[in-house]
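Reader: I'd like to go through this one with you, feature by feature. Could you give me the general idea each time, and then the case at hand?

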Amino acid sequence: MRLLFSLLLISLQLHAQQRPNIIYIMSDDHDADAISAYNKQFIQTPNIDRLAKEGMRFTKAFVGNSICAPARATLLTGQHSHKNGIKDNFTAFDSSKNTFPKLLQQAGYQTAVIGKWHLRSYPAGFDYWRILPGMGQYYDTRMIKMNGDTIIERGYSTDVITDDAIDWLNMRDKNKPFSLLLHHKAPHRYFFPSFKWLEVFHTKTFPEPSTFFADTTDRGSAWRMQTMSILPDMQLCSDLKVDPQYLMDIPEYKPDSSQINYYHAIMRRVPDSLRERFQEIYAERGKILKTLRPQGKELLKYKYQWYMQDYLACIAVIDENVGRVLDYLDANNLAENTLVIYTSDQGFYLGENGWFDKRFMYDVSMQTPLLARWPGYIPANSTNTNLVQNIDFAPTILAFGGVKTPVWMQGVSLKNLMTTKQDKLSRKYLYYHYYEYSKDHTVIPHLGIRGESYKLIYFYTVDEWEFYDLEKDPTEQHNLIDDPSQLPNIIQMKKELKKLQVEYDDQEISLK
Ligand code: CA
């Protein structure tokens, strides 16, 4: 009997070992170029890099619809937007839908989500949740508790969200495996850093991307209609926090009242002890504009540096807080049995084409960072070049939790890629469909397909196609849709796109 019991115990322990705890950290608009494991030109992120050194880095991870709420609904459901119902940032997620957290819960996991939720309905399938209302605030953010009460949490959002996550890790039921979704607000626009890191970054300068001055005049309608260009569309006072008092007498820079109000609103949220120094730093930007009156490309150069200083300072806080979570796992003997994933809800333009924001199916915004660590199971310092997509995240997490991918999920598990039981996915192409046409950045709707070598995009409201050779033209500057030598490739990619529309059951848009 005793032998049987100890065998049972060993088998239970083995089973427990094979089902790791899961911590999924997702930041908002964190481009892979702002992680030093991907690109060392802009910032050092030693803590996020630990996940690459001790785990696997995916170089071709992409999303299916590059904006916030759709990416979050895809994470939960493993489905593209047309199936999960969240095509844009304005629709409420139907919380009665089945999701991976509900399935993990049924499989015995304790589940939690802490931080940005952004789905306009309360979380379901979680034993614990605490979320930002909408996008929340950078300083002294409000948070919604499970009982529906809204509280203010003092401090900087990235620190506060991590504090809440660590509190939950301490108070969770320690007899069950857990799955924690830790979702940061940062570095979402309006990029507002914490004081410590603003002091470090505000004097730094960053290299301009090779396509910084890309001329969009001969491009298709989508390029010409977008309003996500740093030069005309990024606002001095609200986006870049230039102190408005220096700009009031200069007609070409004069901010409107909403920008001035925004500037003062964020300054009011800064802790009293730090406000003066914040204001000094943002006054320096105003003094430069007032003295030098830069125009055109010169103004673009200044705006870009200020954008990068603020954006990257936000990332530095995230990196520091990823370190806090990893240290917590080390200190609490959890590192060995916890799968840690780091990703973003999508990529982000850091000046390429002169742009900020996301939405486009071009690689900059379609790509997302993806790092995964589970010591002993995922090989350290490994790189994976398979085409993977955010529809795969739910099936992957479920697989680690011992749950088979349900048939209604559209992604595939990446577990065997991560544990190197599999080299290649059989899927050769990724599907993309962007729907939202809002006044924010006026990116027109499009769908398309990305393979290893080529990308085909259809901007259907204007009936325009784009085709890119990703090997020869990785920055997607040359639309080859009218190039006769590409015709066989274009025909092949259209065929594959039609196949994917059928496979994913997204056939509303006729391709002609
Ligand atoms: Ca986002």
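Reader: Let's start with W374: does it count as buried or exposed?

Author: The general idea is to look at relative accessibility: under 20% is buried, over 50% is exposed, and in between is partly exposed. This is a predicted model, by the way. W374 has 1% relative accessibility, so it counts as buried.

Reader: And how does Y377 come out on that scale, given its 30% relative accessibility?

Author: Y377 is partly exposed, because 30% falls between the two cut-offs.

Reader: How many aromatic pairs are there?

Author: Ring centres within 6.5 Å make a pair, and planes under 30 degrees apart make that pair stacked. The count here is 38 aromatic pairs. One of them is W374 with Y377, a stacked pair with 3.6 Å centre to centre and 10° between the planes. There's also an aromatic cluster made of Y138, Y139, Y156, F192, F195, F278 and Y282.

Reader: On to strands. Which way do the side chains of β10 point, and are they buried or exposed?

Author: With a strand, check each side in turn. In β10 (residues 370–373), L370 and A372 point one way, L371 and R373 point the other way, and all are buried.

Reader: Which strands does β10 pair with?

Author: Bridges are what to look for. β2 (residues 56–58) runs antiparallel to β10 and is joined to it by 3 bridges, with R57 partnered by L371. β9 (residues 338–344) is antiparallel to β10 as well, with 4 bridges, and there I341 has A372 as its bridge partner.

Reader: What covers the buried residues of α2?

Author: Here you list the buried positions, then ask what touches them. In α2 (residues 46–53) the buried ones are I48, D49, R50, L51 and A52. Their cover includes β2, β9 and β10, along with α12 (296–331) and β11 (382–384).

Reader: How do I read a hairpin, and where is there one with 3 residues between its strands?

Author: Take the pairing, then the connection. β14 (residues 446–450) and β15 pair antiparallel over 4 bridges, and they form a hairpin with 3 residues between them. Within that pairing, L447 is bridged to Y458.

Reader: What pairs with β15 over 6 bridges?

Author: That's β16 (residues 464–469), again in the antiparallel sense. I457 and E466 are bridge partners there. In the hairpin of β15 and β16 there are 4 residues between the strands, and D463 takes a positive phi near 55°. As for cover, 5 of the 6 residues of β15 (residues 454–459) are buried.

Reader: Where else should I look for a positive phi in a residue that is not a glycine?

Author: Try T442 and E476. T442 has a phi of about 40° and sits in the loop between β13 (430–434) and β14. At 15% relative accessibility, T442 counts as buried. E476 has phi near 55°, lies in the loop between β16 and α16 (487–503), and is buried at 2% relative accessibility.

Reader: Which peptide bonds are cis?

Author: Omega is the angle to check. The bond from A186 to P187 is cis, with omega near 0°, and the bond from R189 to Y190 is cis too, with omega near 5°. P187 is in the loop between β8 (178–183) and α7 (195–201), and Y190 is in the loop between β8 and α7 as well.

Reader: Now helices. What should I expect when I look at α6?

Author: An α-helix has 3.6 residues a turn, so residues three or four places apart point the same way. α6 (residues 157–171) has 15 residues and reaches 21 Å from its first C-alpha to its last, close to the 21 Å expected. Its buried residues are S157, T158, V160, I161, T162, D164, A165, I166, W168 and L169. D163, also in α6, is partly exposed at 32% relative accessibility.

Reader: Last one: what does the radius of gyration say about the whole chain?

Author: You set it against the value for a compact globule. For 512 residues that would be near 24 Å, and the protein chain has 23 Å, which agrees. The chain holds 16 helices and 16 strands, and 61% of its 512 residues are buried.

Conventions: Residues numbered from 1 in each chain as written. Predicted model: local features only at pLDDT ≥ 70, side-chain atom pairs only at ≥ 80, totals over all residues. Heavy atoms only, no water. Buried < 20%, exposed > 50% of the residue type's maximum accessible area, 1.4 Å probe, protein only. Helix = DSSP H or I, 4+ residues; strand = E, 2+ residues; numbered from the N terminus. Pairing = 2+ DSSP bridges. Expected span 1.5 Å × (residues − 1). Rg over C-alpha atoms; globule rule 2.2 N^0.38 Å. Phe/Tyr/Trp six-rings, centres within 6.5 Å; stacked < 30°, edge-to-face > 60°. Contact = heavy atoms within 4.5 Å.
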